[in-house]
Amino acid sequence: MEIRMAREDDIKDIVFILDAASLALLNKGVNQWDYPWDENHLKEQVGCLHVASVDEKIIGTFGIKDLEEWHVPGPGKYLFQIALHPDFQGIGYGATLLSWACKQARTFREDLYLDCWAGNEKLRNFYSGNGFEYVGDFPEEDYYISVFKCGQEG
């Protein structure tokens, strides 16, 4: 798997992946994200979005940005909108992506955090099993999120 910064001409592929991942989650009763994704909003994120590809086909996306006011003390990095197309889930690409993001954060000598809907037990276990340490559950607008920090071995 190759990972690189996203370009504006990747936005349609990113929307496709995020929409497919969102629908798959909704079909499982997991309310992780709103659907459908807004292409214009994603264009504003170019500069912190990344894409993951296999054989030059984009199969995943995520963002890394500076941590602003949040549930943990800064400075740090925030790993967000992590998505693999459902056809490429469950075969190790997610773990590779997380490991790559942790290594990137270490080059900046900053902690890396991510979160998910607190009710998504499968994802919480996935993050814990891939070197992320559970920080805690925190209230958002009308739900709770679970926050994780990349451990030294992640």
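A residue counts as buried when its relative accessible area is under 20%, as exposed when that area is over 50%, and as partly exposed in between. I start there because tryptophan 33 has a relative accessible area of 17%, and therefore goes down as buried. Please keep in mind that this is a predicted model.

Let me stay with the aromatic residues. Nine aromatic pairs are counted. In one of them, the ring centres of tryptophan 33 and tryptophan 37 lie 5.4 Å apart with the planes at 80 degrees, so this pair is edge-to-face. Tryptophan 37 is buried as well, at 16% relative accessible area. A second pair consists of phenylalanine 88 and tyrosine 93, and this one is tilted, with 6.3 Å from centre to centre and 55 degrees between the planes. There is also an aromatic cluster, made up of Phe126, Tyr127, Phe132, Tyr134 and Phe148.

Next, the strands. I will use strand E5, residues 111–117, as the reference point. Is E5 mostly covered or mostly open? Mostly covered: of its seven residues, five are buried. E5 has strand E4, residues 76–84, as a parallel partner, and four bridges join the two. If you want to find that pairing on the screen, look for glycine 76, whose bridge partner in E5 is aspartate 111. E5 also pairs with strand E7, residues 144–150, this time in the antiparallel sense and over five bridges. Tyrosine 113 is a good place to look here, since its bridge partner in E7 is lysine 149.

What do E4 and E5 make together with helix H3? With H3, which covers residues 93–107, they make a right-handed β-α-β unit. As a general remark on strands, side chains in a regular strand alternate between the two faces of the sheet.

Now the charged residues. How many salt bridges does a search of the whole structure find? Ten. I will go through three.

The first on my list is between the side chains of arginine 7 and aspartate 10, at 4.0 Å from N to O. Arginine 7 is partly exposed, with 42% relative accessibility, while aspartate 10 is buried at 4%.

The next one is between glutamate 39 and lysine 12, with an N to O distance of 3.5 Å. Glutamate 39 sits in helix H2, residues 39–44, and lysine 12 in helix H1, so this salt bridge ties together parts that are 27 residues apart in sequence. Glutamate 39 is partly exposed at 26%, and lysine 12 is exposed at 59%.

The last of the three joins aspartate 66 and lysine 77, where the closest N and O atoms are 2.5 Å apart. Aspartate 66 belongs to strand E3, residues 57–66, and lysine 77 to strand E4, so the parts tied together here are eleven residues apart in sequence. Aspartate 66 is partly exposed at 47%, whereas lysine 77 is buried at 11%. Returning to arginine 7 and aspartate 10, salt bridges with shared partners join Arg4, Arg7, Asp9 and Asp10 into one network.

One item is left, on the surface. Leu23, Leu26 and Tyr35 make a nonpolar patch of about 250 Å². Leucine 23 lies in helix H1, residues 11–27, and is partly exposed, at 33% relative accessibility.

Definitions and conventions:
Residues are numbered from 1 along each chain as its sequence is written. This is a predicted model: local features need pLDDT of at least 70, side-chain atom pairs count only at pLDDT 80 or more; totals for chains, interfaces and linings use all residues. Side-chain values use heavy atoms; hydrogens and water are left out. Buried means under 20% relative accessible area, exposed over 50%, partly exposed in between (1.4 Å probe, protein chains only). Two strands pair if DSSP finds at least two bridges between them. A crossover is right-handed if, with the strands pointing away from the viewer, the path from the first strand over the helix to the second runs clockwise. Patches are made of residues with over 30% relative accessible area and no salt bridge: like charges are joined within 9 Å, nonpolar side chains (Val, Leu, Ile, Met, Phe, Trp, Tyr) within 5 Å. Accessible areas come from the Shrake-Rupley method with a 1.4 Å probe; for residues, only the protein chains shown count as cover. Rings of Phe, Tyr and Trp (its six-membered ring) pair if their centres lie within 6.5 Å; planes under 30 degrees apart count as stacked, over 60 as edge-to-face and the rest as tilted.
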